[in-house]
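Biologist: I've got the model open and I keep tripping over the labels. Mind if I quiz you on where they come from?

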Amino acid sequence: MEIIADPVKLQSDPLPKNLIDEISRFNTDESFVFYNFPFYVGETTDEAVRAQVVLVSKKYGVLCFTCLSSSESSTESDHENLDALDSHLFARINKFSDLRKGKRDLKIKITCKIFVSVKINDPKFVFVTTDEIPQLIIENESDVLSDNEFRVLCSAIEGSDRLQKKKERITAKPLSMGD
């Protein structure tokens with residue numbers, strides 16, 4: 001597992017650090033854990049959609065988290081951000097036929113949750129605590145992606161799928177002196 005994070009910022013952010021430590025204890029397959037990434041522009045230019053922690057795995061799909069101190073401190077905005085993040089991720093991944101089983105059915109699962117240190121009331125099962133992380137990862141298990149499918153998944157999430165390779169230019173006369 002590779003953790004992609006600014007170590008200084010991660011050390012000063014205890015909840016995401018605890019979550020990443022817990023994910024690291026669960027021996028996942030080839031995977032990446034992103035901290036404060038991906039960062040997408042929302043429906044308006046003022047609005048930014050981001051996850052604090054994202055696990056991208058060949059076997060366990062995509063798990064993304066927003067971190068709060070307790071479930072009581074969550075706001076409607078937190079839930080809207082989570083829904084928007086889920087929509088952005090699904091739309092980006094669904095573009096690639098390599099990652100789809102059918103038109104609206106992905107080969108992997110995408111799960112978005114709010115990680116809290118204290119959970120009080122959770123009728124919609126949106127919140128998870130440290131103790132629930134291993135079970136959540138197991139429940140997100142799906143068919144194992146091939147190496148190429150995993151590369152496509154990572155590039156879709158990172159947004160690097162839009163980068164184009166530089167075309168090689170063919171010269172009429174190699175090594176000519178301007179003839």
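Biologist: Let's start with a loop residue: why does Asn-36 count as partly exposed?

Modeller: One caveat before that: this is a predicted model, so everything here is computed from predicted coordinates. Asn-36 has a relative accessibility of 29%. Buried means under 20% and exposed means over 50%, so at 29% Asn-36 is partly exposed.

Biologist: And where does Asn-36 sit?

Modeller: In the loop that links β2 (31-35) to β3 (39-41).

Biologist: What is phi of Asn-36, and what makes that value worth a look?

Modeller: Phi of Asn-36 is near 55 degrees, which is positive although the residue is not glycine. Most residues other than glycine have a negative phi.

Biologist: Okay, on to the helices. Why are α3 and α5 called oblique to each other?

Modeller: Their axes cross at roughly 130 degrees. Roughly perpendicular covers 65 to 115 and roughly antiparallel starts over 145, so a crossing at roughly 130 degrees falls in neither class and α3 and α5 are oblique. The axes of α3 and α5 come within 9 Å, and the crossing is right-handed.

Biologist: Which residues make that contact?

Modeller: From α3 you have Leu-89, Arg-92 and Ile-93, and from α5 there are Leu-153, Ala-156 and Ile-157. By type, the contact of α3 with α5 has 5 nonpolar residues, no polar ones and 1 charged.

Biologist: Staying in α3, how do you know that Asp-86 is partly exposed?

Modeller: Asp-86 belongs to helix α3 (residues 76-94). The relative accessible area of Asp-86 is 31%. The partly exposed class lies between the 20% and 50% cut-offs, so Asp-86 goes there.

Biologist: What does Asp-86 touch beyond its neighbours in sequence?

Modeller: Setting aside residues within four places, Asp-86 is in contact with Ile-110 and Cys-112. Asp-86 and Cys-112 are 26 residues apart in sequence, with 6.4 Å between their C-alpha atoms.

Biologist: Now the other end of the scale: what makes Ile-133 buried?

Modeller: Ile-133 has 0% relative accessibility. Buried needs a value under 20%, so Ile-133 is in that class. Ile-133 is part of helix α4 (residues 133-139). Leaving out residues up to four places away, Ile-133 touches Leu-19, Glu-22, Ile-23, Phe-65, Phe-115 and Val-128. Ile-133 and Ile-23 are 110 residues apart along the chain, yet 7.1 Å separates their C-alpha atoms.

Biologist: Leu-19 is on that list. Is Leu-19 buried or exposed, and how do you know?

Modeller: Buried: the relative accessible area of Leu-19 is 0%, and the cut-off is under 20%. Leu-19 lies in helix α2 (residues 14-25). Besides Ile-133, the contacts of Leu-19 outside its four-place neighbourhood are Val-53, Phe-65, Cys-67 and Phe-115. The C-alpha atoms of Leu-19 and Thr-130, 111 residues apart in sequence, are 6.8 Å apart in space.

Biologist: Zooming out, what share of the protein chain counts as buried?

Modeller: 42% of the 179 residues. The protein chain exposes about 11,100 Å², with carbon and sulfur atoms supplying 50% of that area.

Biologist: And how many helices and strands does the protein chain have?

Modeller: 5 helices and 8 strands, running β-α-α-β-β-β-β-β-α-β-β-α-α from the N terminus on. Of the contacts between residues at least 6 apart in sequence, 66% join residues at least 24 apart.

Key
Residues are numbered from 1 along each chain as its sequence is written. This is a predicted model: local features need pLDDT of at least 70, side-chain atom pairs count only at pLDDT 80 or more; totals for chains, interfaces and linings use all residues. Side-chain values use heavy atoms; hydrogens and water are left out. Helices (H or I, at least four residues) and strands (E, at least two) are DSSP runs, numbered from the N terminus. Buried means under 20% relative accessible area, exposed over 50%, partly exposed in between (1.4 Å probe, protein chains only). Contact means heavy atoms within 4.5 Å. Accessible areas come from the Shrake-Rupley method with a 1.4 Å probe; for residues, only the protein chains shown count as cover. Axes are lines fitted to C-alpha atoms, for helices over the stretch in contact, and angles run from 0 to 180 degrees between N-to-C directions. Angles under 35 degrees count as roughly parallel, over 145 as roughly antiparallel, 65 to 115 as roughly perpendicular and the rest as oblique. A crossing is left-handed if the near helix is turned anticlockwise from the far one by less than a right angle, and right-handed if clockwise. Ala, Val, Leu, Ile, Met, Phe, Trp, Tyr, Cys and Pro count as nonpolar, Asp, Glu, Lys and Arg as charged, and the others, Gly among them, as polar.
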